[in-house]
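Please work through the following exercises with the sequence and the coordinates open, and try each task before reading its solution.

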Amino acid sequence: MRVKFSKMHGLGNDFVMLDGVSQRIRLSPDKVRRIADRRLGIGCDQVLLVEPPRHPDTDFCYRIFNADGGEVENCGNGARCFARFVHERRLTGKQHLNVEIASGTLQLNLMDADQVEVNMGAPLLEPEQIPFRADRRAESYPLEVNGETFTIGAVSMGNPHAVLLVEDIQLAPVRELGPLLAVHSRFPQGVNVGFLQIETPSRAHLRVFERGVGETRACGTGACAAMVYAHQRELVEDKVDMHLPGGALTIHWSGPGQPVTMKGPAITVFHGQIIL
Ligand SMILES: N[C@@H](CCC[C@H](N)C(=O)O)C(=O)O
């Protein structure tokens, strides 16, 4: 089966975008792994499969798969790429889109100069919603890894995130601690691990070890989760420029119950066909 795709990225977090509206596509974890393989396939952090809407009040739905083949609930950089993709493929002419994903509905606004703004919804903070094993909800939790105790924030943006504060982002133990925390038994569905350095109340630095992928150049849901954790601890204002290795996202959050918004670029790199 030959399948048309677009290769896209949001701040270097890269995607293979598949149009399942005008093509019939059956994905399996093995096919996803082959597409994502940087030597044997196209290469990407995530595969996004765009499909027709399931509900009358949404424009599309899309499914998200990590490079390891696992299907996940949400992807912030992918949301921005999705909005640009459906326009470039002429699947819609709308600038404002309502889209259904596994974790709920997102509202997207396609802006000028490659920028897309996404209403990512309100964060979930109850341990069982994340899911995270804890007796009660708290701002921070002690978490033991190999006999050492770390302080983390636990936030769901539809998908699970652990956030750790660090003094210096360049020295953050992303490669050492990331893989251990990502499969920690207190996160029964695994977790994305963000290392956050606050520079000023409106500027921060973040590196993310993503579940099912490894360290990526950017993670949109990770940036939102980091914002929520820092805001709860009164370390930042309502608007923060979150600097990731691939570039900056602007994140807004005004507090509990409010939606988090994320603004940043979505770039198309090339189009092609793959034999699946
Ligand atoms: N890169 C994404 C997040 C993709 C999913 C994540 N790895 C997970 O397993 O939840 C983003 O930009 O949010």
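**Exercise 1.** Determine which exposed residues are carried by the face of α3 turned away from its buried side, and establish which residues of α3 are buried.

*Solution.* In this predicted model, helix α3 comprises residues 174-182, and its buried residues are Val174, Leu177, Gly178, Leu181 and Ala182. These buried residues lie on the same side of α3, because they cover an arc of only 125 degrees around the axis. The general rule behind such a pattern is that an α-helix has 3.6 residues a turn, so residues three or four places apart point the same way. The face turned away from that buried side carries the exposed residues Arg175 and Glu176. As a last step, one asks what covers the buried residues of α3, and the answer includes the strands β9 (141-145), β11 (160-165), β12 (192-200), β13 (203-210) and β14 (214-216).

**Exercise 2.** Locate Leu11 and Glu234, state the sign of phi for Leu11 and for Glu234, and decide whether Leu11 is buried or exposed and whether Glu234 is buried or exposed.

*Solution.* As background, most residues other than glycine have a negative phi, and most peptide bonds are trans. Leu11, found in the loop between β1 (2-10) and β2 (13-19), has a positive phi of about 55 degrees although it is not a glycine. Glu234, which sits in the loop between α4 (220-232) and β15 (239-244), likewise is not a glycine and has a positive phi, of about 60 degrees. For the burial step, the cut-offs are 20 or more C-beta neighbours within 10 Å for a buried residue and 12 or fewer for an exposed one. Leu11 has 24 such neighbours and therefore counts as buried, whereas Glu234 has 9 and therefore counts as exposed.

**Exercise 3.** Describe the loop between β8 and β9 by way of Pro131 and Leu125, giving the geometry of the peptide bond from Ile130 to Pro131 and the contacts of Leu125.

*Solution.* Pro131 is found in the loop between β8 (115-119) and β9, and the peptide bond that leads to Pro131 from Ile130 is cis, with omega near -10 degrees. Leu125 is found in the loop between β8 and β9 as well, and Leu125 counts as partly exposed because it has 19 C-beta neighbours inside 10 Å. Once its neighbours within four places in sequence are left aside, Leu125 is in contact with Arg137 and Val155. Finally, the C-alpha atoms of Leu125 and Pro256 are 9.2 Å apart in space, although these two residues are 131 residues apart in sequence.

Technical notes:
Residues numbered from 1 in each chain as written. Predicted model: local features only at pLDDT ≥ 70, side-chain atom pairs only at ≥ 80, totals over all residues. Helix = DSSP H or I, 4+ residues; strand = E, 2+ residues; numbered from the N terminus. Arc of directions from axis to C-beta. Contact = placed C-beta atoms within 7 Å.
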